[in-house]
Amino acid sequence: MRAGQLPPSPTLGIAAKAQAMRAAGVDVISLAAGEPDFPTPEAVCQAGIAAIQSGFTKYTPTPGIPELRAAISEKLKRENQVNVLPEQVIVSSGAKQSVFNALNVLLNEGDEVILIAPYWMTYAEQVRLAGAIPAVVRTLAADGFVPQMDQLREAITGRTRAIILNSPCNPTGAVFSRQTIKEIAVLAIRHDLWVISDEIYEKLIYGETHVSIASLGTEIADRTVTVNGCSKTFAMTGWRIGYAAAPLPVAKAMSNFQDQVTSNANSIAQKAAVAALALEPGVVESMRAEYETRRDLVLRQLRAIPNVTAPTPGGAFYVMPDLSAYLGGRISDDCAMAEYLLEEARVATVPGSVFEGLGHVRLSYAASRENLQNGIQRIAEALEKLRA
């Protein structure tokens, strides 16, 4: 059974311990959360309330209500230069479901899917659940966690069916340049590969330019599933609205697949998502600017710690400092380091090996400036004890 082969999450033990420590009155700072700490914008909340009050609480069409699919189609054309009809848009219960839908309609048993490490751990498990095999291309912090084309070429075999892109990236914050994405598009076209482009962090970007691979021409658009959602951009993680835009035959297959798994996404949240897509740009910009300030604060403090390196993330709200200089002996690996930081520094982090980023930990700066300053200071003090 495929589900029986899923490994337990290495983060669950740390999360459970952090929760137990808090329950016991211990002051634990969490820098592990993968969700915005801002409230959902008021206009979005009011749209949800209005949906409830008007009785919009029944089933909707599986791929989403027409007004939301139209709003997403228009958004993709206007902001991403991705030209899709509303009929090519499938609304799901979060971007995670959108990725899962795509993998299950595109892959056959034994196919290979290229993942660029460090990667969001769910990709690998969803590939396996679809009966396929992850083919991992590892990147280096020295390269900004951006893949080298030679590595990607070498990873392609006769069984390669797809590649998953995530730019800006969870967990590294890496943003792929237009040139890198162009070169990936050329590879995909040449080798007849599908591209699943997870762009959920597209608006949280700092001094970089987001490029949707499907905007680069008809040939690549015809083999791309663009995935996005409301969770990160609009601080709507709990509303569970994601979406995918795909070539029409793939979109229809994804809708049919979803019909047998969950049917429609939450009706109330769909109405709220329409309001989210109509927000003034300044609402999102205020959150983005605050994340950028926090990112710079975190980088300054991390880089002041001896033997710690931290590439500058171009997007998302994560940083992946390399703590390998402190590993070995008492602290054997990054999982042990995450446990040590929780016990000694009272700071919750995510071990890098979860993402195939060995020797690193992932820190989220979706937290208050005060918690970030105090949390990094605690980490510095805990690492100093290891040095001593």
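Start by selecting Lys271 and Phe56: Lys271 lies over the face of the Phe56 ring, at 4.7 Å from the ring centre. Keep in mind while touring that this is a predicted model.

**The sheet**

Next, select residues 361-364, which make up strand 12. Strand 12 belongs to an open sheet of 3 strands with antiparallel pairing, in the order 9-12-11. Now add strand 9 (318-319) and strand 11 (350-351) to the selection; these two stand at the edges, and each has a single partner strand, so one side of each is left without a neighbour in the sheet. Strands of a sheet pair through backbone hydrogen bonds, so showing backbone atoms is useful here.

Look at the strand 11 side. Strand 11 and strand 12 are antiparallel and are paired over 2 bridges. Pick Val350 and look across to strand 12, where its bridge partner is Arg362.

Move to the other side of strand 12. Strand 9 also runs antiparallel to strand 12, and 2 bridges join them. Select Val319 to find Leu363 of strand 12 opposite.

Now turn on the side chains of strand 12. In a regular strand the side chains alternate between the two faces of the sheet. Val361 and Leu363 point one way, while Arg362 and Ser364 point the other way. All four of these residues are buried.

**The aromatic residues**

Stay on strand 9 and select Tyr318, then add Tyr201. A search of the whole structure finds 7 aromatic pairs. Tyr201 and Tyr318 form an edge-to-face pair, with 5.7 Å centre to centre and 75 degrees between the planes. The two residues are 117 apart in the chain, and their pair links distant parts of it. Tyr201 is in the loop between strand 6 (194-198) and helix 8 (218-221), whereas Tyr318 is in strand 9.

Are these two tyrosines, Tyr201 and Tyr318, buried or exposed? Tyr201 has a relative accessible area of 2% and is therefore buried. Tyr318 is at 1% relative accessibility, so Tyr318 counts as buried too.

Finally, widen the selection to Phe38, Tyr291 and Phe317. Together with Tyr201 and Tyr318, these residues form one aromatic cluster.

Technical notes
Residues are numbered from 1 along each chain as its sequence is written. This is a predicted model: local features need pLDDT of at least 70, side-chain atom pairs count only at pLDDT 80 or more; totals for chains, interfaces and linings use all residues. Side-chain values use heavy atoms; hydrogens and water are left out. Two strands pair if DSSP finds at least two bridges between them. Helices (H or I, at least four residues) and strands (E, at least two) are DSSP runs, numbered from the N terminus. Rings of Phe, Tyr and Trp (its six-membered ring) pair if their centres lie within 6.5 Å; planes under 30 degrees apart count as stacked, over 60 as edge-to-face and the rest as tilted. Buried means under 20% relative accessible area, exposed over 50%, partly exposed in between (1.4 Å probe, protein chains only). A charge sits over a ring if NZ of Lys or CZ of Arg is within 6 Å of the ring centre and within 35 degrees of the ring normal.
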